[in-house]
Number of protein chains: 2
Amino acid sequence: MKKLINDPHDVVAESVEGFGLAHPDVVRVHTDPLYVTRAGGTVPGKVGLVSGGGSGHEPLHAGFVGVGMLDAAVPGAVFTSPTPDQIAPAIAASDAGAGVLTIVKNYTGDVLNFETAAELAEADGTTVRQVLVNDDVAVEDSTWTAGRRGVAGTVAVEKIAGAAAERGDDLDAVAAVAQRVVDNVRTMGLALTACTVPHVGRPGFDLPDDEIEIGIGIHGEPGRHRVGLESADALTEKLLGPVVEDLGLTGGERVLLLVNGMGGTPASELYVVYRRARALLSERRVEVTRSLVGNYVTSLEMQGASVTVLRLDDELTVLWDAPVHTTALRW
Amino acid sequence: MKKLINDPHDVVAESVEGFGLAHPDVVRVHTDPLYVTRAGGTVPGKVGLVSGGGSGHEPLHAGFVGVGMLDAAVPGAVFTSPTPDQIAPAIAASDAGAGVLTIVKNYTGDVLNFETAAELAEADGTTVRQVLVNDDVAVEDSTWTAGRRGVAGTVAVEKIAGAAAERGDDLDAVAAVAQRVVDNVRTMGLALTACTVPHVGRPGFDLPDDEIEIGIGIHGEPGRHRVGLESADALTEKLLGPVVEDLGLTGGERVLLLVNGMGGTPASELYVVYRRARALLSERRVEVTRSLVGNYVTSLEMQGASVTVLRLDDELTVLWDAPVHTTALRW
């Protein structure tokens with residue numbers, strides 16, 4: 001295993017420490033338990049937004065902490081849910097009197113631990129609501145999930161809910177718009193290579209040199225099926241087709257198109273995928289009015305990509321466009 | 001070779017086309033010949049800034065086109081210099097009456113082709129100055145260079161010169177501040193894995209599973225020497241030491257610290273390197289007042305990282321902090 005790490009068990013703590021040192025204008029790192037909040041603290045009367053999950057998907061979630069997006073992020077060990085005693089203080093630290101919405105990717109461990117943490121926080125007087133992200137159309141159940149997995153669509157949920165909270169929407173309204181994003185966003189991904197969890201020390205699965213895994217999850221868990229080497233154009237069609245079908249997109253609709261890298265794929269390849277996805281949507285008379293291309297929800301050093309489509313309306317567009325100041329998204 | 005591409009010979013054109021489609025608010029792509037300019041066009045009376053070089057280092061350079069940074073970028077084939085007949089129109093398109101500064105990484109092909117292009121542009125009435133970036137301390141000459149190579153320090157040159165041009169400095173002044181960055185920035189990198197140029201189809205060099213190349217260039221050209229597997233802390237010391245020595249940094253000085261990913265390394269590992277570099281600089285009583293961590297000057301899917309230090313003064317700090325609106329840097 002070749003990685004730029006020290007003791008594999010220290011990688012998350014050391015990485016988050018470095019992250020805090022590099023971005024003191026945006027985030028503050030809390031240790032024991034480990035979580036990340038905005039450098040500027042809470043905004044009185046604003047709904048708090050908290051997310052988190054296993055590490056290894058950077059910049060998700062700590063890279064999305066900041067004005068216009070999350071109030072706090074809770075990083076677990078690599079590909080392992082954070083514990084309730086990490087999450088509960090992050091919820092408490094994000095409560096500015098208007099309650100807290102937790103944004104949880106649909107994995108069994110995350111769901112359980114965020115629910116337990118919410119109960120702890122509510123016992124201490126914080127009102128907590130939760131939205132569950134389950135945008136992956138590849139599989140109905142998986143190794144670590146009952147129901148669909150939460151993947152790259154999480155970025156859109158966090159951005160849009162964050163903008164709603166920032167403009168002063170109340171907890172019910174922020175939860176409702178977050179749910180509206182969940183209802184209108186779908187993703188499918190593929191892997192060219194596997195990734196290696198540091199404390200495991202070997203790749204999470206075997207993928208021969210001449211095969212590609214279609215429908216991969218963000219932990220390297222199996223997808224739908226394997227195919228041989230194909231062109232980027234053909235592979236993009238295999239990702240976008242199920243996404244569009246599942247969304248029931250029709251001609252004349254407007255969408256956000258996100259091409260997300262899994263961590264080890266060059267930006268140039270993501271733009272090749274984006275180009276083809278644009279052409280395929282154009283053929284269906286679907287208009288791409290907003291775009292995002294880059295590494296946002298990754299699987300360590302895995303080579304691969306996912307395609308996410310969010311059906312937009314005027315309000316979701318305004319919220320997507322609203323100012324954001326995090327380390328990974330900024331405009 | 002597993003890549004998200006179509007015909008290997010089309011990867012640059014298709015990728016840049018996708019880049020233009022994704023970011024119409026920031027850039028405009030020109031084809032035949034291929035170059036990228038700002039979506040908003042030139043600013044009358046502003047010095048034009050043009051850079052370019054072989055593709056495969058994204059987001060360099062097209063990702064740095066936009067307000068506050070470059071006016072135009074010229075992408076060559078992968079790891080191959082752009083041609084004079086690509087560069088000359090990009091220079092002409094960036095001339096708003098105050099002349100054009102070209103920012104050239106020190107590789108033999110780039111230097112020759114940018115010089116020829118400058119002669120063509122000058123024959124057409126554009127005043128052209130050039131700054132040569134040669135921040136890599138690893139080797140004095142290399143496969144593709146007489147003298148030191150230009151690597152990740154290029155980002156600092158483009159950002160700071162861009163800010164100087166934006167505030168209205170004349171051509172001599174912009175060239176002078178760009179040269180001041182060159183004189184005060186140093187970099188050294190390492191590779192954990194090789195990368196594969198699409199039209200070659202096999203890795204550029206062999207690196208055994210238990211060896212790391214210290215002093216690697218951004219094309220996978222050889223560095224100083226190979227070492228066995230070591231901790232991130234030990235490897236960071238091997239990169240930072242020569243950089244600090246070459247700069248002649250002394251206690252009390254302020255610096256920008258850039259930890260750059262080579263394309264295939266997870267963000268979490270870059271922050272582990274950053275953490276150690278901060279500690280080492282702190283031991284020398286060098287103060288890190290600005291930071292940048294991420295994939296900025298890459299080598300396709302290569303796993304590895306480089307450490308860049310720029311000695312700051314008040315003016316360079318102000319110019320670094322000035323607003324920038326590109327696809328890869330934005331604040």
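**Close-up views of a predicted two-chain model**

**View 1. A buried cysteine in each chain.** At a relative accessible area of 3%, B:Cys195 counts as buried, because buried is taken to mean under 20% relative accessible area. The structure shown here is a predicted model, and in its other chain A:Cys195 is likewise buried, with a relative accessible area of 3%. A disulfide is a covalent bond between the sulfur atoms of two cysteines. Over all chains, the structure holds zero disulfides.

**View 2. Two parallel strands and the helix between them in chain B.** Strand 10 of chain B, residues 254-261, pairs in the parallel sense with strand 11 of chain B, residues 287-294, and seven bridges join the two strands. Within this pairing, B:Asn260 stands opposite B:Gly294, which belongs to strand 11 of chain B. On its way from strand 10 of chain B to strand 11 of chain B, the chain passes through helix 7 of chain B, residues 267-283, and the β-α-β crossover made in this way is right-handed.

**View 3. The axis that relates chain A and chain B.** Two copies of a chain are related by a rotation about an axis and a shift along it. Here a turn of 180° with a shift of 0.0 Å along the axis lays chain A on chain B with an RMSD of 0.0 Å, and the two copies are therefore related as by a two-fold rotation axis. The C-alpha of chain A that is nearest the axis belongs to A:Gly264 and lies 1.9 Å from the axis. Both copies use the same surface, since 100% of the contact residues of chain A recur in chain B.

How values were computed: Residues numbered from 1 in each chain as written. Chains lettered and ligands numbered in written order. Predicted model: local features only at pLDDT ≥ 70, side-chain atom pairs only at ≥ 80, totals over all residues. Heavy atoms only, no water. Disulfide = S-S within 2.5 Å. Buried < 20%, exposed > 50% of the residue type's maximum accessible area, 1.4 Å probe, protein only. Pairing = 2+ DSSP bridges. Helix = DSSP H or I, 4+ residues; strand = E, 2+ residues; numbered from the N terminus. Right-handed = clockwise from strand over helix to strand, strands pointing away. Least-squares fit on C-alpha atoms with pLDDT ≥ 70 in both. Contact = heavy atoms within 4.5 Å.
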